[in-house]
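User: Can you walk me through this model? I have the sequence and the structure open.

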Amino acid sequence: MEKSIPTIIMLVAGATACICCLVNGVGLLTMLEIILVVLIVFFIIGKIAGHIVSKINAQAENAAKELARQEERKVEEEKEDSQENFEDKASKIEEKE
């Protein structure tokens, strides 16, 4: 998805510029120059936006992985605690007998 962001932004801007030029009756050569500039500028803007989106996605993935690791640690600690409690109770029962 991040790879298509610059293309989509560029094409929407180009189509908008083309329609505006046609409505305003701009000459063909001038219209082509305007559309070329618009496409180049919005391609650069799209590349920047795509980079920002991919950075945000990477941060979100890292945060999700960290949360998963924390959950695994909690589960392991709970298993260890329950095992220790079981062993303590078993040893107390044995002492009473």
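Analyst: Ask away; the notes below go from the overall fold to charges and surface patches.

User: What kind of model is this?

Analyst: This is a predicted model.

User: How many helices and strands are there in the protein?

Analyst: The protein has two helices and zero strands. Helix 1 covers residues 5-24, and helix 2 covers residues 28-96.

User: What share of the residues counts as buried?

Analyst: Of the 97 residues, 12% are buried. The accessible surface of the protein is about 8000 Å², and carbon and sulfur atoms account for 63% of that area.

User: How much of the contacts with a separation of 6 or more comes from residues 24 or more positions apart?

Analyst: Such pairs make up 70% of those contacts. As a separate example of distance along the chain, take Thr-7 and Phe-42, which are 35 residues apart. Their C-alpha atoms are separated by 8.9 Å.

User: Where does Thr-7 lie, and is it buried or exposed?

Analyst: Thr-7 is in helix 1. Its relative accessible area is 36%, so Thr-7 counts as partly exposed, the class between under 20% and over 50%.

User: Switching to charges. How many salt bridges does the structure hold?

Analyst: Two. In one, Arg-69 pairs with Glu-66, and the closest N and O atoms are 3.0 Å apart. In the other, the side chain of Glu-66 meets that of Arg-73, at 3.9 Å from N to O. Glu-66 takes part in both bridges, so Glu-66, Arg-69 and Arg-73 are joined into one network by salt bridges that share partners.

User: Why can side chains of opposite charge pair?

Analyst: They can do so when their charged atoms come close.

User: Where do Arg-69 and Glu-66 lie?

Analyst: Both are in helix 2, three residues apart, which is about one turn of the helix.

User: And how accessible are the network residues?

Analyst: Glu-66 has a relative accessible area of 30% and is partly exposed. Arg-69 is partly exposed too, at 41%. For Arg-73 the value is 46%, again partly exposed.

User: Which residues form the negative surface patch?

Analyst: The patch is made of Glu-71, Glu-72, Glu-76, Glu-77, Glu-78, Glu-80 and Asp-81. Asp-81 is found in helix 2. With a relative accessible area of 42%, Asp-81 is partly exposed, so Asp-81 passes the cut-off of over 30% for patch residues.

User: What about nonpolar side chains? Which residues form a nonpolar patch on the surface?

Analyst: That patch consists of Leu-36, Ile-40, Phe-43, Ile-44, Ile-48, Ile-52 and Ile-56. Together they have about 650 Å² of accessible area.

User: Pick out Ile-52. Where does it lie, and is it buried or exposed?

Analyst: Ile-52 lies in helix 2. Ile-52 is partly exposed, with a relative accessible area of 45%. That value is over 30%, so Ile-52 meets the accessibility cut-off for a patch residue.

Methods
Residues are numbered from 1 along each chain as its sequence is written. This is a predicted model: local features need pLDDT of at least 70, side-chain atom pairs count only at pLDDT 80 or more; totals for chains, interfaces and linings use all residues. Side-chain values use heavy atoms; hydrogens and water are left out. Helices (H or I, at least four residues) and strands (E, at least two) are DSSP runs, numbered from the N terminus. Buried means under 20% relative accessible area, exposed over 50%, partly exposed in between (1.4 Å probe, protein chains only). Contact means heavy atoms within 4.5 Å. Accessible areas come from the Shrake-Rupley method with a 1.4 Å probe; for residues, only the protein chains shown count as cover. Patches are made of residues with over 30% relative accessible area and no salt bridge: like charges are joined within 9 Å, nonpolar side chains (Val, Leu, Ile, Met, Phe, Trp, Tyr) within 5 Å. A salt bridge is a side-chain nitrogen of Lys or Arg within 4 Å of a carboxyl oxygen of Asp or Glu. Lys and Arg count as positive and Asp and Glu as negative; His and the chain ends are not counted. The place of a charge is taken as NZ of Lys, CZ of Arg, CG of Asp or CD of Glu.
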